[in-house]
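Thanks for asking me to look this one over. Here are my notes, set out so that you can follow them with the model open beside you.

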Amino acid sequence: MNSHPTVAATAVPQDAEDKPDVVRLTDVRRHFGKTAALDGVSLSVRKGEILGLIGRSGAGKSTLIRCLNGLERPDSGRVLIEGRDIAGVSEKQLQPLRRKIGMIFQHFNLLSAKTVEENVALPLKIEGLPKAARFKRAAELLDLVGLSEKAKAYPSALSGGQKQRVGIARALAARPALLLSDEATSALDPETTHAILALLKDINKKLDLTILLITHEMEVVRNIADRVVVIDGGRIVEEGAVWSVFANPQSVTTRSLLSTIRPQLPDHIAKKLRQSPDGEAILSVDLAGPHASSPLLADLSAELPNAFRLIHGGIDHIQEQPVARFFIGVPDPSRLTPVLQFLKGRSARVEVLGYDARPV
Ligand SMILES: Nc1ncnc2c1ncn2[C@@H]1O[C@H](COP(=O)(O)OP(=O)(O)OP(=O)(O)O)[C@@H](O)[C@H]1O
């Protein structure tokens with residue numbers, strides 16, 4: 001028997017369930033005329049968790065952000081930040097609640113006439129902290145984001161990645177309960193994106209910081225989120241631990257958002273597929289968690305020699321869980337049933353995608 005830890009134990013830290021919710025939305029609705037920007041959204045983000053909220057353009061992400069930071073009032077539903085409902089409070093009561101949320105943005109939103117350290121210290125000036133204390137805190141934060149040597153520089157002298165580091169330092173200045181990241185890496189190149197996401201993960205671990213990542217890119221979610229929520233048309237269409245959603249996406253929207261980063265059947269083969277059982281059967285094979293560590297294809301080859309050919313695929317590792325996806329061809333129709341039986345017996349999800357009458 002396998003000696004791997006159970007799936008549930010590895011996907012969610014043991015104490016995560018006990019941690020309080022920093023954010024809790026209950027049945028939040030916001031309509032603009034006939035458009036339901038948010039159509040009954042309920043979600044929570046636990047202390048220390050990184051939640052990825054993903055959706056295509058128009059899914060309702062910006063409306064949700066605006067409901068969270070109080071710029072938009074929901075038509076109905078509750079928006080709790082550390083247990084305080086921000087949906088029903090006055091503008092004056094909203095100010096201290098807003099400060100519980102630090103935000104980082106796609107275009108950084110730094111003040112160009114102020115130095116890096118002045119940008120970082122600004123939220124503390126608004127809070128009325130004395131100058132020496134403000135700049136001491138700014139120095140600590142610039143150290144945290146690895147940008148101490150740029151304290152006296154102006155934003156125009158920084159790269160995009162450096163600007164976002166300043167944005168992160170500034171967002172953390174007032175010790176927020178939640179860091180809200182609004183497409184914060186969308187304007188950055190892949191290498192810089194990777195470095196910024198690694199920094200966010202590092203800060204999450206060091207400070208037990210709660211992060212809500214709003215994005216349209218699955219790669220971002222894949223890299224650092226613990227859990228993912230997929231929204232479409234103002235509704236949550238799927239949610240779960242990132243590795244498990246990646247391993248077995250249920251909704252059409254999730255599958256489509258994943259299509260750029262999961263192995264797909266090569267186009268030139270997909271184009272030739274027919275549904276009539278004539279020629280080589282083309283199969284997708286998915287498995288995840290402990291099952292994906294076994295030498296499945298080697299075992300299949302030993303059990304049924306020359307029954308299949310490997311077309312495409314591989315094993316990814318998400319949240320330390322192997323997530324495997326392969327495409328294989330079974331040229332001999334008489335061997336299809338034994339291949340399917342073998343794979344299913346090993347807990348793989350197998351789908352016959354079609355038949356290629358003219359394999360290369
Ligand atoms: N102020 C508004 N007036 C009218 N319709 C609006 C308003 N704000 C949002 N909407 C509509 O609500 C829906 C959700 O919009 P929202 O901006 O929240 O989506 P989004 O996921 O943030 O999209 P994007 O990624 O393109 O920013 C869209 O159909 C949009 O046209």
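The points below go through the sheets, the ligand shell and one of the helices.

1. A word before we start: this is a predicted model. Please read each point below with that in mind.

2. Let's begin with the sheet of 6 strands. This sheet is open, its strands come in the order S6-S7-S8-S3-S9-S10, and the pairing is mixed. At the edges sit strand S6 (101–105) and strand S10 (235–241), each of which pairs on one side only. On average, neighbouring strands here are turned by 15 degrees against each other, direction ignored.

3. Within that sheet, have a look at strand S3 (residues 50–54) and strand S9 (residues 227–232), which pair in the parallel sense over 4 bridges. A handy place to find this pairing is Gly52, which stands opposite Val228 in S9. Helix H6 (residues 160–172) also packs on the sheet, where it touches S6 and strand S7 (178–182). The direction of H6 makes about 170 degrees with that of S6.

4. The other sheet to look at is an open one of 4 strands, ordered S2-S1-S4-S5 with antiparallel pairing. Its edge strands are S2 and strand S5 (84–85), and each pairs on one side only. Strand S1 (residues 21–32) and S2 run antiparallel and are joined by 9 bridges. To find your way along this pair, look for Arg29, which stands opposite Asp39 in S2.

5. Helix H2 (61–68) links the sheet of point 4 to our next topic. H2 lies across S1, S2 and strand S4 (76–81), and runs at about 60 degrees to S2.

6. Which residues surround the ligand? They are Phe32, Thr35, Ala37, Gly55, Ser57, Gly58, Ala59, Gly60, Lys61, Ser62, Thr63 and His216. By type, the shell divides into 3 nonpolar, 8 polar and 1 charged. Strand S2 (35–46) and H2 each supply at least two residues of this shell, and the largest share, 3 residues, comes from H2.

7. Finally, helix H4 (residues 116–126) deserves a look for its buried residues: Val116, Glu117, Asn119, Val120, Ala121, Pro123 and Leu124. In an α-helix there are 3.6 residues a turn, so residues three or four places apart point the same way. The buried residues of H4 pack against helix H5 (131–144) and H6, and H6 is also the helix that touches S6 and S7. Just after H4, Gly128 takes a positive phi of about 85 degrees.

Methods. Residues are numbered from 1 along each chain as its sequence is written. This is a predicted model: local features need pLDDT of at least 70, side-chain atom pairs count only at pLDDT 80 or more; totals for chains, interfaces and linings use all residues. Two strands pair if DSSP finds at least two bridges between them. Axes are lines fitted to C-alpha atoms, for helices over the stretch in contact, and angles run from 0 to 180 degrees between N-to-C directions. Two residues are in contact if their C-beta atoms, placed from the backbone, lie within 7 Å. A residue is near a molecule or strand if its C-beta atom, placed from the backbone, lies within 6 Å of it. Ala, Val, Leu, Ile, Met, Phe, Trp, Tyr, Cys and Pro count as nonpolar, Asp, Glu, Lys and Arg as charged, and the others, Gly among them, as polar. A residue is buried if 20 or more other C-beta atoms lie within 10 Å of its own, exposed if 12 or fewer, and partly exposed in between; C-beta atoms are placed from the backbone.
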